[in-house]
Amino acid sequence: MIIVLKKGADKKQVEGLLNWLRERNISPHVSTGERETLIGCVGDVAKMDIGLVQALSVVERVQRIQEPYKAANRKFHPEDSVIDCSGAKIGGGGFHVIAGPCSVESVEQMIGIAKSVKEAGATLLRGGAFKPRTSPYSFQGLGKLGLEILMEAKKATGLPIVTELMAIEQLPLFNDVDVIQIGARNMQNFDLLKEVGAMTKKPVLLKRGMSATLQELLMSAEYIMASGNPNVMLCERGIRTFETATRNTIDLTVIPVLKRLSHLPVVVDPSHATGYAPLVEPCAMGATAMGADALIIEVHNDPPHALCDGVQSLTPQMFENTMKKIRALRPYAWHLEQ
Ligand code: PEP
Ligand code: MN
């Protein structure tokens with residue numbers, strides 16, 4: 001961290017700042033130039049509130065040199081993290097597709113979809129039991145029963161289960177769930193992130209909040225990791241922009257950017273990102289070509305009658321066609337995991 005002092009800064013106040021830094025185990029190195037005086041800070045500044053320094057009358061500006069996240073930072077962990085999701089290893093060059101309906105609706109629906117997505121090449125099964133809906137009048141998910149149905153589908157197909165946790169009180173019900181999803185709306189529910197970090201080592205699929213920067217996404221991953229769970233995957237699911245032609249705006253730039261900043265696997269959700277089934281395939285292909293480690297795609301046996309997100313759901317036939325195109329894009333990565 002570098003502190004740039006104001007011209008003619010009061011010496012006594014500067015001395016006070018230097019002592020304040022030393023009290024926090026930070027070694028300040030002052031360099032007085034012709035135009036500016038800088039204080040280079042060496043030590044652990046991650047926990048420091050830089051706003052406190054910024055607010056001092058002698059300070060012109062403060063610049064962080066190092067990112068505020070450590071556990072998620074590639075600088076401290078150069079190799080890709082590979083997250084073992086009950087046998088499906090995500091990250092490090094392989095490629096996986098998570099597929100299934102937005103919400104669990106019935107045993108027949110779930111087992112039918114699970115079998116067809118497995119047949120098409122999906123290696124993990126999704127389905128929401130606890131649903132974060134914008135309207136309290138919309139279908140809220142089957143809750144505990146939904147989780148039981150997911151277990152039946154897992155028994156029938158062997159596919160590991162990915163499902164959303166909305167509140168920490170639900171965690172005891174997640175014993176047989178393979179991957180815990182933290183949804184976009186909960187990306188900054190810091191108490192939930194801390195609990196998921198402290199109470200389980202299960203893989204966590206952390207979705208980007210709809211107006212979250214990548215630094216905020218990485219800081220949320222940091223919450224989980226700093227609390228004790230290193231098994232985090234980052235998921236781009238579209239962000240809010242001025243554009244209204246699609247449900248959200250898919251930000252595929254995040255794939256190479258996150259991979260430079262972090263060692264965590266990057267998953268892309270073209271379903272929530274676009275909100276419209278015909279747009280899912282081209283965005284899935286784009287994300288695959290750009291190096292995503294996995295995709296998460298909504299598939300429903302009868303989209304017009306789906307209880308949630310039918311408009312963006314692929315039919316099993318559409319999913320099979322999309323999978324053929326994806327496979328052709330990265331045959332080697334695909335082969336690694338089969
Ligand atoms: C979901 O994947 O079911 C979901 C609700 O997604 P998001 O949190 O990205 O809106
Ligand atoms: Mn959905």
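Where does Lys131 lie? Lys131 is placed in the loop between strand S8 (124-126) and helix H4 (144-157), where helices (H or I, at least four residues) and strands (E, at least two) are DSSP runs numbered from the N terminus. This is a predicted model, in which local features need pLDDT of at least 70, side-chain atom pairs count only at pLDDT 80 or more, and totals for chains, interfaces and linings use all residues. Residues are numbered from 1 along each chain as its sequence is written, chains are lettered from A and ligands numbered from 1 in the order in which they are written, and side-chain values use heavy atoms, with hydrogens and water left out.

**Manganese site**

- The manganese ion (ligand 2) has the protein donors Cys102 (SG), His272 (NE2), Glu298 (OE) and Asp309 (OD), at 2.0 to 2.4 Å.
- Along the chain, these donors follow the spacing C-x169-H-x25-E-x10-D.
- Cys102 sits in the loop between strand S7 (96-100) and helix H3 (107-120), and His272 in helix H8 (residues 270-274), so the pair ties together parts that are 170 residues apart in sequence.
- Donors are N, O and S atoms within 2.8 Å of the metal (3.2 Å for Na, K and Ca); water is not among the atoms, so sites may look incomplete.
- Both Cys102 and His272 are buried; buried means under 20% relative accessible area, exposed over 50%, and partly exposed in between (1.4 Å probe, protein chains only).

**Lys131**

- Lys131 is buried yet has no salt bridge, and the nearest side chain of opposite charge, Glu164, is 5.2 Å away.
- For charge, Lys and Arg count as positive and Asp and Glu as negative, while His and the chain ends are not counted.
- A polar atom of the Lys131 side chain lies 3.3 Å from the backbone oxygen of Cys102, a residue that is also a donor of the manganese ion.
- Leaving aside neighbours within four places in sequence, the residues in contact (heavy atoms within 4.5 Å) with Lys131 include Cys102, Ser103, Arg126, Met166 and Cys308.

**Salt bridges**

- The whole structure holds 17 salt bridges, each a side-chain nitrogen of Lys or Arg within 4 Å of a carboxyl oxygen of Asp or Glu.
- Arg208 and Glu236 form one of them (2.8 Å, N to O).
- That pair links distant parts of the chain, with Arg208 in the loop between S11 and H6 and Glu236 in strand S12, 28 residues apart.
- Arg208 and Glu236 are both buried, and salt bridges that share partners join them with Asp251 into one network.
- Asp191 and Lys194 also meet in a salt bridge (3.9 Å, N to O); being three residues apart in helix H5, they are separated by about one helical turn.
- Asp191 counts as exposed at 53% relative accessibility, whereas Lys194 is partly exposed at 39%.
- Glu67 pairs with Lys75 (3.0 Å, N to O), and Glu67 counts as partly exposed at 21% relative accessibility.

**Helix H6**

- Helix H6 (residues 214-226) has 13 residues and reaches 18 Å from its first C-alpha to its last, close to the 18 Å expected at 1.5 Å a residue.
- Buried residues of H6 include Leu214, Leu217, Leu218 and Ile224.
- The buried residues of H6 pack against helix H5 (190-199), strand S11 (204-207), strand S12 (232-236) and helix H7 (254-261).
- Gly228, just after H6, takes a positive phi of about 125 degrees.

Notes
A polar contact is a pair of N or O atoms within 3.5 Å; within protein, one must be able to donate a hydrogen and the other to accept it, and residues adjacent in sequence count only if both atoms are side-chain atoms. The expected span of a helix is 1.5 Å times one less than its number of residues.
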